[in-house]
Amino acid sequence: MLSVKSLKGFQYHAFTAFVHVVMPRPTWGSRTFATSGSSIDSSLLKIQRATALKPKPVFDNSLPFGKFFTDHMLEIEWDEKDGFSAPQIVPHHPLSIDAAAPCLHYGVQCFEGMKAYKDKSGVVRLFRPDKNMKRLNDSCQRLSMPMFDGNQFIECLKQFLKVDRDWIPDKDGFSLYIRPTVIATSSSLGVHPAHHALFYVIACPVGPYFKDGFAPVKVLAESKFKRAWPGGTGCNKVGGNYAPGLLPQKMAAQQGYSQVLWLFGEEDYVTEVGSMNFFVFWKRADGKRELITAPLDGTILPGVTRDSILELTREWREFEVSEKTFTMADLINAANEGRVIEIFGAGTAAIVSPINGISYMGKEYAIPCGKDGRAGELSTRLFHELCDIQYGRKQFRDWSVAIH
Ligand SMILES: *Cc1c(COP(=O)(O)O)cnc(C)c1O
């Protein structure tokens, strides 16, 4: 197979087509490693269409998150010796992996969350997909899994979106949620770097995060359980970060709070909320208005939405924008002195999620919002600004990437 690498493009294709013909895949388990190099090659992509298409759910507010998957999925295998396999788009299907696979035992797994947006004229766009690829590569590196060419991955992703484009709703507030995932699939219980990995992408249509309109929620500041710590994996989107959050999340829900506000250290530094970055818009003690969020010190997930909000508001030059540590004491003082203007979470799912109350050490603090208990001015403005860019109504830098 090594000699194949030196062949010209059309021969390359002829070769892979040949492999495809003589080695039909009776199950989902066997794949052809037509590339002996270590890179993903989107030009080798093969498409095996589903013979019967699934009925699509109704794209309205009853659409549940993450339940209805598109007809197809993208798969790329990686092997220590052979590198990346030819990417393929195949029907969405259950995986067949060894019960010993490290992803099932040691959490050798990472993922991404991104969306495709379709406008009224049918144009599909991705929002800053390069950021997701960078983050997925960082997660892979942290878990000793293979790193990859993000541009090639995006090319494959675009092909996948073309195949399943009818699943992308064209209604405002609706989108296709995309879940790139990397799992270590070696057939061995040893705790060691992956010998074998599967990159795959599944997708599901999703409706607006807030079904009854853009409504503020209450959160519980958690002093006991921690989400992340210095030197850990808080800055990576790895599965191992999320399971331990389920118990505190359940306990918060039992007390009527929709998310956990994660704190760190004896000083109770404010970090993130649920799986969103956390923003406070306040008047500082010196009277200056400031939008503040925790810095990327390794314990914070570098959100694409976070970065976009920072860039947008810095461009506005209307108030100070800071990535700085702050504590619950700072926040409570500001709340008590009437200096908090607005607080919100930020992430791909909700874009912006306004917060109107924080419980801390058994006491609830009211956080100001907009009129009639609706979202505040800044949350609302950022939400619309980001939607306008994502659906192509506004252009900002090269953030929106149309698929042709
Ligand atoms: C995914 C995620 C975010 C938000 O990142 P986006 O790229 O904006 O979607 C924030 N915090 C955590 C813990 C996350 O998992």
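## Exercises: a ligand shell and some strand pairing

A polar side-chain atom of Tyr242 sits 2.4 Å from an oxygen atom of the ligand. Keep in mind that this is a predicted model.

**Exercise 1.** Work out which residues surround the ligand and which side chains make polar contacts with its oxygen atoms.

*Solution.* Start with the shell: 14 residues surround the ligand, and the closest are Lys237, Tyr242, Glu272, Thr305 and Thr348. Now go through the side chains, using a cut-off of 3.5 Å between N or O atoms. Lys237 passes, with a polar side-chain atom 2.8 Å from a ligand oxygen. Tyr242 passes too, at 2.4 Å. For Thr305, an N or O atom of the side chain lies 2.6 Å from an oxygen atom of the ligand. As for cover, the ligand taken alone exposes 380 Å², and the protein buries 96% of that.

**Exercise 2.** Describe the ligand's site: which pocket is it, which elements supply the shell, and what classes of residue does the shell hold?

*Solution.* First, the pocket: the ligand takes up the space of the largest one. Next, the elements: strand E13 (276-283) and helix H6 (304-316) each give at least two residues to the shell. Last, sort the shell by class, and you get four nonpolar, six polar and four charged residues.

**Exercise 3.** Find how strand E4 pairs with E1 and with E2, and name the bridge partners of Gln88.

*Solution.* Take E1 to begin with. Residues 46-47 form E1 and residues 88-91 form E4, and the two strands run parallel, with two bridges between them. One bridge here links Lys46 to Gln88 of E4. Then turn to E2 (residues 72-79): this strand is antiparallel to E4, and four bridges join the pair. Here Glu75 has Gln88 as its bridge partner in E4. Put together, Gln88 is bridged to Lys46 and also to Glu75.

How values were computed: Residues numbered from 1 in each chain as written. Predicted model: local features only at pLDDT ≥ 70, side-chain atom pairs only at ≥ 80, totals over all residues. Heavy atoms only, no water. Near = heavy atom within 4 Å. Polar contact = N/O pair within 3.5 Å; in protein donor to acceptor, adjacent residues only side chain to side chain. Areas by Shrake-Rupley, 256 points an atom, 1.4 Å probe, with all protein chains shown as cover. 1 Å grid on protein atoms, 1.4 Å probe; cavity = no way out; pocket = protein on both sides within 12 Å on 5 of 7 lines; lining within 4 Å. Sits in = over half its atoms within 2 Å of the grid points. Nonpolar A, V, L, I, M, F, W, Y, C, P; charged D, E, K, R; others polar. Pairing = 2+ DSSP bridges.
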